[in-house]
Amino acid sequence: MLRTLLKMSTSPAPKRVKPSPPLIGTHNGHFHADEALAIYLLRLLPTYNPSTLLRTRDPSLLSNCHTVVDVGGEYDSAQNRYDHHQRTFDTTFPNKSTKLSSAGLVYLHFGKAIIAQRTGLHPESEDVDILWRKLYNEFIEAIDANDNGISVYPASETANLTKRFNDSGITLSSLVGDLNNDFSISATPESTDHETNDTNSASNPDPQAAEDTRFLAASNLMGTSFLRKLNGYHTSWLPARSTVLAAYKKRHENDPQGRILVFREPTPWKDHLYTFESSSSPSKSKVLYVLYPESRTPGAKWRIQAVP
């Protein structure tokens with residue numbers, strides 16, 4: 001009996017079975033900037049970081065996926081389904097009118113968690129909310145509009161305009177579109193399904209694997225562009241907001257009517273000043289001039305700039 005107890009006490013504890021990472025599904029075939037970014041955004045989160053990506057249009061295969069993006073004809077965040085191609089779909093970002101794409105849908109539900117994860121800010125903080133809205137306004141919305149065929153200008157305002165040159169080829173969406181082309185292989189039907197974990201598709205010579213590799217390149221292009229925007233807004237734009245707000249509150253110390261703003265160091269001020277003024281009472285005087293040193297060097301010359 002004693003030997004039995006000793007044997008039981010020295011036996012190794014049973015190993016816990018590590019759960020499989022959630023499988024992400026999106027469509028194969030021609031890809032766009034929105035799902036390329038959506039997949040990258042998901043993989044920024046710890047839950048999805050080790051996830052395998054399945055590119056297919058087969059409903060039976062998509063039904064086995066934990067999360068499905070840009071395919072399937074269903075938007076249901078409770079079931080992790082994020083498609084926007086339904087006739088009835090009309091979801092927008094808060095206080096915006098642009099219909100969301102798959103990128104906007106993923107960002108709507110996971111954007112704050114991603115921002116908190118990358119910056120170390122608390123998910124419920126005001127700073128995270130400010131960055132969440134700023135990144136949508138300056139980056140994500142244009143992707144949503146492009147994918148949904150929404151022009152940046154009303155058609156009535158551009159009917160008689162002629163472009164001096166073509167600039168459509170330098171957009172991120174255009175560069176993603178270029179990655180759909182692979183002239184080294186013959187065209188193949190898009191019905192082939194493929195599962196990729198990013199590690200072995202480059203060495204696989206079949207056409208679908210080559211397409212998946214190009215999709216991952218597109219996803220990295222969109223994702224790294226997003227991260228550069230986030231880093232800039234977090235490390236430069238957001239701190240400047242506090243500096244501009246402090247100077248804005250003290251503007252009456254420089255002029256009784258508050259028409260002069262003074263900074264003690266170079267600061268990117270325009271965006272924040274316009275925001276603060278738009279939220280102030282219309283009866284208050286607008287800032288007319290901004291003063292600031294041209295560098296942080298002691299004794300640097302000062303500049304004065306009229307507010308546009």
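**Two cores and a three-stranded sheet**

Let's start with one residue, Tyr107. Leaving aside its neighbours within four places in sequence, Tyr107 is in contact with Leu41, Phe93, Ile115, Leu131, Trp132, Leu135, Tyr136, Ile140 and Phe226. A reminder before we go on: this is a predicted model.

Now widen the view. Which residues have the most contacts inside the largest nonpolar core? Tyr107 is one of them. The others named are Leu37, Leu41, Phe110, Ile115, Met222 and Phe226. This core has 47 residues.

Where do they come from? Four helices each supply at least two residues of the core: α2 (33-43), α4 (102-119), α5 (126-147) and α8 (207-249). Helix α8 gives the most, with 10 residues.

There is another core, apart from this one. That one has 12 residues. Val244, Ala247, Phe276 and Tyr292 are among them.

On to the strands. Three of them form an open sheet, in the order β7-β8-β9. The pairing is mixed. Which strands stand at the edges? They are β7 (260-262) and β9 (302-306). Each has a single partner strand, so one side of each is left without a neighbour in the sheet. On average, neighbouring strands here are turned by 20° against each other, direction ignored.

Last, look at one pair. Strand β8 covers residues 289-293. How do β8 and β9 pair, parallel or antiparallel? They pair in the antiparallel sense, over five bridges. For one bridge, take Pro293: its partner in β9 is Trp302.

Methods
Residues are numbered from 1 along each chain as its sequence is written. This is a predicted model: local features need pLDDT of at least 70, side-chain atom pairs count only at pLDDT 80 or more; totals for chains, interfaces and linings use all residues. Side-chain values use heavy atoms; hydrogens and water are left out. A nonpolar core is a set of buried Ala, Val, Leu, Ile, Met, Phe, Trp, Tyr and Cys residues joined through side-chain atoms within 4.5 Å. Buried means under 20% relative accessible area, exposed over 50%, partly exposed in between (1.4 Å probe, protein chains only). Contact means heavy atoms within 4.5 Å. Two strands pair if DSSP finds at least two bridges between them. Axes are lines fitted to C-alpha atoms, for helices over the stretch in contact, and angles run from 0 to 180 degrees between N-to-C directions.
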